[in-house]
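Reader: Hey, I've got a structure open and I'm a bit lost. Can you walk me through it?

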Amino acid sequence: MFRVELSKQVRRWRTWLLAAALAGVPVLVVVAIRLSPPPPQNSQDAPPFLLQIVRNGLFAPLTGLALVQPFFMSLAIGLFAGDAIAGEAQSGTLRYLLVRPVRRPRLIVSKYAAAMTFTGTLLLIVICSGLFAGGIVFGIHPMPTLSGTSLSVVDGLARILASGAFIVLAASGIVAVGMWISTLTDSGPGAIVATVIVAIASQIADQIPSLHAIQPFLPTHGWLGYTGLFRFPVDLVTMREGLTVSAAYTAVFLALAVWRFRRRDITA
Amino acid sequence: MTAAIRAVGLTKRYGELAAVDGLDLSVERGELYGFLGPNGAGKTTTIRMALGLIHPTAGTIEVLGSRVTAGHGPFERVGALVEEPAFWSYLSGRRNLEAFARAGSGRADARARLGRIDDVLHTVGLADAADKRVKQYSQGMRQRLGVGLALLGNPELLVLDEPTNGLDPSGMREVRELLRQLADGGTTIFISSHLLAEVEAMCDRVGVMARGALVAEGPPGTLRGTTDRIRIEVDDVAAARTVLARLGGPDMIAAASASGPGVLDVTLSDGLGAADVNAALVRGGIRVHALEPQRDTLEDVFLHLVEGIHVPR
């Protein structure tokens, strides 16, 4: 079922559109910065990586990841996880999959694995597109860290890939929430929107100082932990927190999704 | 051998409303069984319980000898069409069948299904349209692909909900012939329909469902009322009236034309058959042009059973 899901999505236009949009983000950033280098004084609101991009092509994939993560990735998760069961219910194909038969827990787990695979692939596309565009325009050089030290090109590349891997793993909790939402409704668009709203609302709540007490329990808490990879010494605390939270959300919400889906009457 | 489908006290309640209410049903192997009933009678709910899509509130249902619970049953050996067919519209007909073939768990089973795709597409007349996206299919083509999907696993039992929906008359006939052929080859077929003529022409046995339970069951012929009425065409209705009133009383005549040449509908009773009526008329000097037994159509039976309406003639 996992492979069937992959091959179905690959033959869908919207998958390619999303991939193209995501690949375009780092290219857009590189082009924009090439055309008008931002003055370093205006560092207040710009993401930290954006300022150093002028000096190094290696920063393009990182900037791409930083820009894609909050919205585009949430949208992708909505499309892959939120739509997973609800979309099949809406089109009616769910009942034909279940009488094929595909066992219900297996359908959930396969769809979850496929959603994770696609999220990872999209981030890899962002990294590749950023490296390509940034490399061509600015060249690839050793990388300064946030702590002022320097990383070799190979080390920098490895940490960029590690960032991508971390972002995917940190997203696993929201993907599981999306799967659960997907078992609650027969409306594909409804489940997509609900999933995106959860992802974005959680990120916003994570930024509101007065919500300090609940922030460690938000599914997107620790999403920015990968910046710790670019400090010296490497700071893994936030990353570990992020992975713990997302693992907990994955366990709870996948179990809820399976439980809910097994009990449900399929009337769509 | 165990029954192909056996429901005992099968019940599905949604709150107060019972969609299926203590249904007892038995479909033998190799049978072509027609499942009739108006919309809302509980046909689709029953089919969904047989396919493990809906949890019964009470009672049990067995398919091919195995107990079915939601999500569990011998569905590798069952082909199904549940309400309308549904496909991934962005994939071609062939790719849809491939995806469904691969989606189950058994490798050998998936390979066997993949190997049958060309045959099935040919059988349902979609060989030429196989590589078009389903989005571009007409309703009839989707319906054919739905039947094709049900056939893909070479099933022992076919459960088809309104299989000729959306087909033109020649398409309907093709599907009917195909199903008859499969049934003659030993496949058990359970087909729901609201089209009585379709079921009458094709099925070995018919069950009529109303308000969640079976209200009649039997071969299509036996479901009809006994032949207790005849229609007589005579050259003189008024004279025939007089003769018949003398023979069996005025109540015998159910309806008649005014006078002159015309028809009379006559209700027969014990000891007074069609031959007696005919002989009496001829003796009375009335010329009988035609004498025709009036059988209830399945439609009359159906309306009578389902809505309590007796169709007057």
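Author: Sure, let's go through some helix packing, the contact between chains, and a few backbone oddities. One thing up front: this is a predicted model.

Reader: Okay, helices then. How do people describe two packed helices?

Author: By the angle between their axes and the distance between the axes.

Reader: Got it. So at what angle do α2 and α4 of chain A pack?

Author: Helix α2(A), residues 13-35, and helix α4(A), residues 59-91, pack at about 165°, and their axes are 8 Å apart. That angle makes α2(A) roughly antiparallel to α4(A). As for handedness, α2(A) passes α4(A) in a right-handed crossing.

Reader: Which residues make that contact?

Author: On the α2(A) side they include R14(A), L18(A), L22(A), V25(A) and V29(A). From α4(A), you'll find L67(A), F72(A), L75(A), L79(A), F80(A) and D83(A) among them.

Reader: How many are nonpolar, polar and charged in the contact of α2(A) with α4(A)?

Author: There are 15 nonpolar residues, 3 polar and 2 charged.

Reader: I spotted R14(A) and D83(A) in your list. What do their side chains meet in?

Author: A salt bridge, with N to O at 2.8 Å. R14(A) sits in helix α2 and D83(A) in helix α4 of chain A, so to speak linking distant parts of the chain, 69 residues apart.

Reader: Why would side chains like that pair up?

Author: Side chains of opposite charge can pair when their charged atoms come close.

Reader: How many salt bridges are there over all chains?

Author: The count comes to 25 over all chains. Across the interface of chain A and chain B, the rule finds 3.

Reader: Ooh, the interface. How many residues are in contact there?

Author: 29 residues of chain A are in contact with 39 residues of chain B. About 2800 Å² is buried between the two chains, and carbon and sulfur atoms give 53% of that area.

Reader: Which residues in chain A lose the most area to chain B?

Author: R11(A), Y96(A) and R100(A), and together they make up 27% of what that side buries.

Reader: What does R100(A) form a salt bridge with?

Author: With D109(B), where the closest N and O atoms are 3.1 Å apart. R100(A) has a backbone feature too: the peptide bond from R100(A) to P101(A) is cis, with omega near 0°.

Reader: Where does P101(A) lie?

Author: In the loop between α5 (93-98) and α6 of chain A. There's also a cis peptide bond from F232(A) to P233(A), with omega near -5°. P233(A) is in the loop between α8 (188-205) and α9 of chain A.

Reader: Why point those out?

Author: Because most peptide bonds are trans. Most residues other than glycine also have a negative phi. Over in chain B, L64(B) has a positive phi, near 50°. You can find L64(B) in the loop between β4 (58-63) and β5 (66-67) of chain B.

Reader: Back to helices for a sec. At what angle do α6(A) and α9(A) pack?

Author: Helix α6(A), residues 104-138, and helix α9(A), residues 237-263, pack at about 140°, with axes 9 Å apart. That makes α6(A) oblique to α9(A), and their crossing is right-handed.

Reader: Which residues meet there?

Author: From α6(A), R104(A), P105(A), L107(A), I108(A) and Y112(A). They meet residues of α9(A) including L254(A), V258(A) and F261(A). By class, this contact of α6(A) with α9(A) has 8 nonpolar, 1 polar and 2 charged residues.

Reader: And how far apart are the axes of α1(A) and α6(A)?

Author: Those are 8 Å apart, with helix α1(A), residues 2-10, at about 45° to α6(A). The two are therefore oblique to each other, and the crossing is right-handed. Contact residues include F2(A), L6(A) and V10(A) of α1(A), along with A113(A), T117(A) and F118(A) of α6(A). The contact of α1(A) with α6(A) has 6 nonpolar, 3 polar and 3 charged residues.

Reader: Cool, I'll go and find those now. Thanks!

Key:
Residues numbered from 1 in each chain as written. Chains lettered and ligands numbered in written order. Predicted model: local features only at pLDDT ≥ 70, side-chain atom pairs only at ≥ 80, totals over all residues. Heavy atoms only, no water. Axes fitted to C-alpha atoms, helices over the stretch in contact; angles between N-to-C directions. Helix = DSSP H or I, 4+ residues; strand = E, 2+ residues; numbered from the N terminus. Parallel < 35°, antiparallel > 145°, perpendicular 65-115°, else oblique. Left-handed = near helix turned anticlockwise from the far one by under 90°. Contact = heavy atoms within 4.5 Å. Nonpolar A, V, L, I, M, F, W, Y, C, P; charged D, E, K, R; others polar. Buried area = accessible area lost by both parts, 1.4 Å probe. Salt bridge = Lys/Arg side-chain N within 4 Å of Asp/Glu carboxyl O.
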